[in-house]
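This briefing introduces selected side-chain features of one protein structure to a reader who has not met it before. Please view the sequence and the model together with the notes that follow.

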Amino acid sequence: MEKLRIVFMGTPEFAVGILDTIIKNNYEVVGVITAADKPAGRGQKIKYSAVKEYALEHNLNLLQPTNLKDESFLSELKSLNANLQVVVAFRMLPEVVWKMPKLGTFNLHASLLPNYRGAAPINWAIINGETKTGVTTFFIDDKIDTGAMILSKETPIAATENAGELHDRLMNLGCETVVETLSLIEKGEVTTTIQTDSSEIKTAYKLNKDNCKIDFSKSATEIYNLIRGLSPYPSAWCFIKDEENEWNVKIYETNLVLESHDFEVGSIITTRKEMKIALENSFLEIKSIQFPGKKKMTASELLNGMTFSQDAKAL
C-alpha cells in the first residue's frame with residue numbers, strides 16, 4: 001500500500017465538498033490549485049474562488065497559476081512531490097501537468113460518462129429530460145472527459161428537481177465516489193474501463209445567453225425542463241412585453257398545468273395572486289421570477305405591485 005500525497009485542483013463550491021471529504025478521510029493534501037482571483041459584480045471587487053476560501057481557512061498550501069505551462073508553476077508543482085492529482089471542476093490540464101504524478105491524475109465528472117462530457121453536465125441532464133444521472137471518476141488524458149473510467153455511481157433525477165438540488169446530491173455522491181477511488185488507488189487495486197464513443201453520446205455544452213433563453217415555440221415539457229435545468233444558476237430568461245414596456249426577466253420556478261385553452265402561445269394571464277404563460281395545450285404557472293433591478297420574488301409578491309394588460313406577452 002502506497003501512502004498518497006495529493007494535489008487537489010478545483011474552483012467552485014462543488015469542488016469544495018470533495019476537497020473537504022478528502023481531508024476528513026485523513027488523506028494528505030500537499031497542495032491545492034485553483035483559479036486566479038478576478039473582479040466580479042457591479043463593484044468589480046476581487047473575488048476568491050470557493051476552493052481558495054476553503055484552502056485559506058484550512059491553511060492548505062495554495063497555488064493560483066494563470067498559465068499551467070509556466071516554468072515557475074511547473075517547478076513549484078513538482079516540488080510538492082505529489083504522487084496523485086485529483087481534479088474537480090477545474091480547467092483542461094496540459095500533458096506536462098497531468099502526467100507529472102507517479103499514480104496519475106484523476107477527475108470527478110458529474111455525469112455518467114461518456115454522456116455529458118463538457119462544462120455543464122448537471123444542467124443538461126435536466127434540460128434534456130433525463131431520468132437518471134450520476135458521477136464518474138476517470139484518469140485524465142489529452143482530451144476533455146474522455147479518459148479511462150475508474151468508478152461510476154448512478155442516481156435518479158426527480159421529475160421536479162432543479163439543477164441546484166441535483167448539484168448538491170451529486171456533490172455528496174461525488175464525495176463517496178472519490179473516497180472509494182482513492183482507496184482503490186492506495187491499495188493498487190484500480191481497474192479501468194475505456195470509454196466508447198458513438199453518435200448517441202450527448203454533450204454538456206457551455207451555457208450561454210442564447211441556450212438559456214426560453215423558446216415558447218417548443219413543447220411545454222421542453223420549456224419546463226429548461227427552466228428547472230437552469231435554476232438557480234444561470235437561470236432561464238425571456239422578454240416580457242406589455243404595451244410600451246419590455247423587460248428581460250429571469251424565471252426560476254414553474255409548474256406545468258396541462259390544460260387546453262384558446263390563448264395565443266406566450267400570452268400572460270394573471271389573477272390577483274397567480275401568473276401563467278400560455279403554452280401549446282398547457283400553461284406555465286410562474287412560481288418564482290425576477291424583473292430587472294428587483295430581487296427574485298414569487299408571482300404573488302410581483303402582482304402585489306405590478307399589473308399586466310390583456311395584451312401582455314412572453315417572448
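Glu 95 is partly exposed, at 42% relative accessibility. In this predicted model, Glu 95 takes part in a salt bridge with Lys 99, and the closest N and O atoms of the two are 3.0 Å apart. Lys 99 itself counts as exposed, since its relative accessibility is 51% and the exposed class begins over 50%. The structure holds 15 salt bridges in total, and some of them are described below together with a buried residue and a nonpolar surface patch.

**Salt bridge between strand S10 and helix H6**

- A salt bridge joins the side chains of Lys 153 and Glu 176, with an N to O distance of 3.7 Å.
- This pair links distant parts of the chain, as Lys 153 belongs to strand S10 (residues 149-156) and Glu 176 to helix H6 (residues 163-187), 23 residues apart.
- Glu 176 is partly exposed, and its relative accessible area is 41%.

**Salt bridges at strands S1 and S2**

- Arg 5 and Glu 28 form a salt bridge in which the closest N and O atoms lie 3.2 Å apart.
- Because Arg 5 is in strand S1 (residues 5-10) and Glu 28 is in strand S2 (residues 28-33), the pair ties together parts that are 23 residues apart in sequence.
- Both residues are partly exposed: the relative accessible area is 27% for Arg 5 and 29% for Glu 28.
- Lys 3 also belongs to this arrangement, as Lys 3, Arg 5 and Glu 28 are linked in a network of salt bridges.

**A buried residue in strand S7**

- Asn 107 is located in strand S7, which covers residues 105-109.
- The relative accessible area of Asn 107 is 10%; buried means under 20%, so Asn 107 is classed as buried.
- Leaving aside residues up to four places away in sequence, Asn 107 touches Val 87, Thr 136, Thr 137, Phe 138 and Ile 140.

**A nonpolar surface patch**

- Ile 46, Tyr 48 and Leu 56 make a nonpolar surface patch of about 280 Å².
- Within this patch, Ile 46 is placed in strand S4 (residues 45-47).
- Ile 46 is exposed, with 55% relative accessible area, whereas Asn 107 in strand S7 is buried.

Terms used:
Residues numbered from 1 in each chain as written. Predicted model: local features only at pLDDT ≥ 70, side-chain atom pairs only at ≥ 80, totals over all residues. Heavy atoms only, no water. Salt bridge = Lys/Arg side-chain N within 4 Å of Asp/Glu carboxyl O. Helix = DSSP H or I, 4+ residues; strand = E, 2+ residues; numbered from the N terminus. Buried < 20%, exposed > 50% of the residue type's maximum accessible area, 1.4 Å probe, protein only. Contact = heavy atoms within 4.5 Å. Patch = residues over 30% accessible without salt bridge, like charges linked within 9 Å, V, L, I, M, F, W, Y side chains within 5 Å. Areas by Shrake-Rupley, 256 points an atom, 1.4 Å probe, with all protein chains shown as cover.
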